[in-house]
Amino acid sequence: MGAIIRDGEGRLLLVRRGRPPGKGLWSIPGGRVEPGESDAEALARELREETGLTVRIAGLAGTVDRPGPGGVVYEIRDYLAEASGGTLRAGDDAEEARWFTEDDLARLPLSPGLLDALTGWEVIGRPSGSSATG
């Protein structure tokens, strides 16, 4: 599960993964739901650990299915959220946390399927000059 967060300038918050899967790739911040947690509780915990920010969930952006090890398929729910406090910093399994314009996304090594999901959910438009499936 992940959070799609924009700053006051409309830029998107992305983190560069520090561990597999996706080490070195940029993605929206998020992680796993622990037993007994709601999505909102897990998202709040993961965002605090990964970015130093506290967040409020605004609603579900969409879901995607992603293959995992041993033939497992994970359903990933991504939420629209807004930062409500904290100071941005990379933590936990994030090597870096930064704000990017939509056009920046076309030039970044993104997690597979991220760009298509964000455009398909109409969270962003297709970045200028992009033919990537991100």
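**Figure 1. Strand 1 and strand 5 in the predicted model.** In this predicted model, strand 1 (2–5) and strand 5 (73–86) run parallel and are joined by 4 bridges. Within this pairing, Ala3 stands opposite Tyr79 of strand 5. Strand 1 is covered on both of its faces. Gly2 and Ile4 are buried on one side, and Ala3 and Ile5 are buried on the other.

**Figure 2. The nonpolar cores.** The largest nonpolar core holds 15 residues, and the members that touch the most others are Ile4, Leu14, Leu105, Leu108, Leu110, Leu118 and Ile124. Two elements, strand 2 (12–17) and helix 2 (114–120), give two or more residues to this core. The largest share, 3 residues, is supplied by helix 2. A second core of 11 residues is separate from it, and its members include Ala3, Leu47, Leu53 and Ala81. Strand 1 can thus be viewed alongside both cores: Ile4 is listed for the largest one, and Ala3 for the second.

**Figure 3. Helix 1 and its surroundings.** Helix 1 covers residues 39–51, which is 13 residues. At 1.5 Å a residue, a helix with this number of residues should span 18 Å, and the end C-alpha atoms are 17 Å apart, so the two values agree. Which residues of helix 1 are buried? They are Asp39, Ala42, Leu43, Arg45, Glu46, Leu47, Glu50 and Thr51. The elements that cover these buried residues include strand 1, strand 2, strand 4 (53–67), strand 5 and strand 6 (94–100). Leu47, a buried residue of helix 1, is also one of the members of the second core. After helix 1 comes Gly52, which has a positive phi near 80 degrees.

**Figure 4. The open sheet of three strands.** An open sheet is built from 3 strands in the order 3-2-6, and their pairing is antiparallel. Strand 3 and strand 6 are the edge strands, each of which pairs on one side only. Between strand 2 and strand 6 there are 6 bridges in the antiparallel sense. Arg16 stands opposite Glu96 of strand 6.

**Figure 5. The surroundings of Arg16.** Arg16 belongs to strand 2. Is this residue buried or partly exposed? Arg16 counts as partly exposed, because its relative accessibility is 26%. When residues up to four places away in sequence are not counted, Arg16 touches Gly24, Leu25, Trp26, Asp93, Ala94, Glu95 and Glu96. The C-alpha atom of Arg16 is separated by 9.2 Å from that of Pro109, although the two residues are 93 residues apart along the chain.

**Figure 6. A network of salt bridges around strand 6.** Side chains of opposite charge can pair when their charged atoms come close. The count of salt bridges in the model comes to 15. In one of them, the side chains of Glu95 and Lys23 meet with an N to O distance of 2.9 Å. Glu95 lies in strand 6 and Lys23 in the loop between strand 2 and strand 3 (26–27), so this pair ties together parts that are 72 residues apart in sequence. Another salt bridge, at 3.3 Å from N to O, links the side chains of Arg98 and Glu96. Through shared partners, salt bridges join Arg16, Lys23, Glu95, Glu96 and Arg98 into one network. Several members of this network are partly exposed: Glu95 has a relative accessible area of 38%, Arg98 has 38%, and Glu96 has 22%.

**Figure 7. A salt bridge between strand 4 and strand 5.** Glu82 and Arg56 form a salt bridge in which the closest N and O atoms are 2.8 Å apart. Why does this pair tie together parts that are 26 residues apart in sequence? The reason is that Glu82 lies in strand 5, whereas Arg56 lies in strand 4. Both partners count as partly exposed, with a relative accessibility of 39% for Glu82 and 47% for Arg56.

**Figure 8. The annotated region.** An unreviewed UniProt entry places the feature "domain: Nudix hydrolase" at residues 1–122. Over these residues the chain is 16% helix and 39% strand. The end C-alpha atoms of this stretch are 18 Å apart.

Methods:
Residues numbered from 1 in each chain as written. Predicted model: local features only at pLDDT ≥ 70, side-chain atom pairs only at ≥ 80, totals over all residues. Heavy atoms only, no water. Core = buried A, V, L, I, M, F, W, Y, C linked by side-chain atoms within 4.5 Å. Buried < 20%, exposed > 50% of the residue type's maximum accessible area, 1.4 Å probe, protein only. Expected span 1.5 Å × (residues − 1). Contact = heavy atoms within 4.5 Å. UniProt positions renumbered as here; feature names shortened; annotations may be inferred. Salt bridge = Lys/Arg side-chain N within 4 Å of Asp/Glu carboxyl O. Pairing = 2+ DSSP bridges.
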